[in-house]
Amino acid sequence: MITDNNNNNNNNINKISYPMATTDTFLLLHQPPSSPSSMAKRPCPSQNPPTTHNHLNHIDNLLHSFLSLSDSPSLSLHLSLHNLIDSFPSDSDQTALIDRALKMGSMLLEAAKHSSRKRASNHNSLTWPLPPDLTIKVFSMLDTQSLCYASATCSLFNKCAKDSLCYSNLDLTTLVPKVNNSVVSTMIHRAGKALRSLKLGVIPGSATSHGSCPPLAHNISNAIVEASKFSWNDKRSRQGRESPILTRSCLSPLSMDGGAPGALLRKLYLYNIERMDNASLSGALSACPSLLDLEIVGLHVELRLTLMSVSAHCHLIERLFFESSKTGRDDSLKTQTCLELVDNCPHLSSLSLRGFKLHDYKVRVLVKGLQKLKYVDFSTSYSITGSFLRNLGDCNGGNSLQVLILRDCMHLKEVEIGRLLAAILAGDFKLLAHLDISNREGLASEGDWYHRCYKSSIMPLKQILETRPDICLVADYPSEGSYIDSFDTDCISEQSLPSQLSFHTSDESIFLSTSESSYNTDQGSGNEDGQDASHVIYEESSDEIDFLPL
């Protein structure tokens, strides 16, 4: 019966009039499906090779004839295929023919796309003006996202983008959580021992790259709100994937392969990784003995333990920026920790500790002991009164200072700032080029820090500007008796500082900037160590402080 049906089908085919090359087209579509017994096999030595070659030539001729139909009118092709399908009386045969046509079309489409990509790749290889080594050099200058885009362009770029040098400076920061541990591990693995810089975490869009002014601390709950702005298609495409939240083990790849990725790392920036803890951070720092620049923002890690890890593992560090995730509540810093940091990290030239409870005698240990210190930022810190600055300008620690930022320090005293400015007029702090003593709630008075000073008669601001025109003096205070909840932001960052040093102001409104950190009204003196410690902070003499062992 099968033989009879085939004969009937052949008779029907002979009765149909087809356009040019339709017979060849039918032969292609009417090929029986491959079976294990009918699949092409590797020719044996006894077989005649020209037979296989002739067969391939026959297929080529059929395909050429089939493709020539692309010049035929579309309606003609539709009619021909319709007639060809109707020539089969059996519904199952008609269905099989349609399936073969669809399969043939799909196979031709994929083959055409592959050939097109291959031709484009060959074209790029011939026309791209740079040799591979220079292409890799250019790619190494791209940010991480742009590098991924370039890698997907063509096989030539993909091959060049696989070089480890292209991943030497990884920036995996995002506005909302998108990067997970798997992505970090893949990127660090690609970089290998070529890794020099790693930036990781969530940076709020309103506070990117502002250096020392606005706080960068961010909460994942804020990021969830921001994520709601993304399209549903973007969210749906991420369903079923690994969670985009970084965990405490996200930096563990720095220790793989015997610590090769972290061995030569120079810069490490970590932003708002809420699940990071001190043990994980210490483990990561232990794998980075060559670290020069460390920036930590919004991590739930303790100041004392973090500085201990830095002292133990990062002896070459030159810049440390650490902003608390809980402003005013971290009072963990000990004098011994300060002494260890001074002894083990003598190359520190930039120190920013923002939002911590820092007492004057501990701060003085740091500022006086770190001989190369040029940049100091204790913005939004509690308990600092300014007494650590007494007689500091004529010693090694103070004379090297170029930038001093004490913005929005809750307990900063008017009288101490007056003494600082008098010392500057007397010729101390010769290298000081930028001084920020602004406070959104005014300065604390000598007797009672609840009483705030907004316009001071003991601070010689005009004289400073006249005597030291090279200093950029920032001294913004609210109107007397008012409370300012927000300011316009115009920040002086460590990176943009040179362009700001020539800016001069009057003694009324000098420079407008802000810290977005909110103060929780402190009912104490700013020191929770008891009355004796409080007496040390407010009443200690500079001589007593100088006797602290360094």
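I looked first at the start of α9 (helices are DSSP runs of H or I, at least four residues, and strands of E, at least two, numbered from the N terminus), where a side-chain oxygen of Asn180 comes to within 3.1 Å of the backbone nitrogen of Ser182. The model is predicted: local features need pLDDT of at least 70, side-chain atom pairs count only at pLDDT 80 or more, and totals for chains, interfaces and linings use all residues. Residues are numbered from 1 along each chain as its sequence is written, and side-chain values use heavy atoms, with hydrogens and water left out.

I then listed the buried residues (under 20% relative accessible area, 1.4 Å probe, protein chains only) of α9, residues 181-191: Asn181, Val184, Met187, Ile188 and Ala191. Seen down the axis, they fall within an arc of 135° (taken from the directions from the helix axis to the C-beta atoms), so they line one face of α9. An α-helix has 3.6 residues a turn, so residues three or four places apart point the same way.

I checked what this face packs against: the buried residues of α9 pack against α7 (144-151), β1 (169-174), β2 (197-202) and α12 (256-263). After α9 comes Gly192, with a positive phi near 60°.

Next I looked up the lining of the second largest pocket (an open set of points on a 1 Å grid over the protein atoms alone, with protein on both sides within 12 Å along at least five of seven lines; lining residues have an atom within 4 Å of a point). I found 20 lining residues, with Gln145, Leu172, Thr173, Thr174 and Val179 nearest its centre. The elements giving two or more residues to this lining are α7, β1 and α9.

Note on methods:
Buried < 20%, exposed > 50% of the residue type's maximum accessible area, 1.4 Å probe, protein only. Contact = heavy atoms within 4.5 Å. Polar contact = N/O pair within 3.5 Å; in protein donor to acceptor, adjacent residues only side chain to side chain. 1 Å grid on protein atoms, 1.4 Å probe; cavity = no way out; pocket = protein on both sides within 12 Å on 5 of 7 lines; lining within 4 Å.
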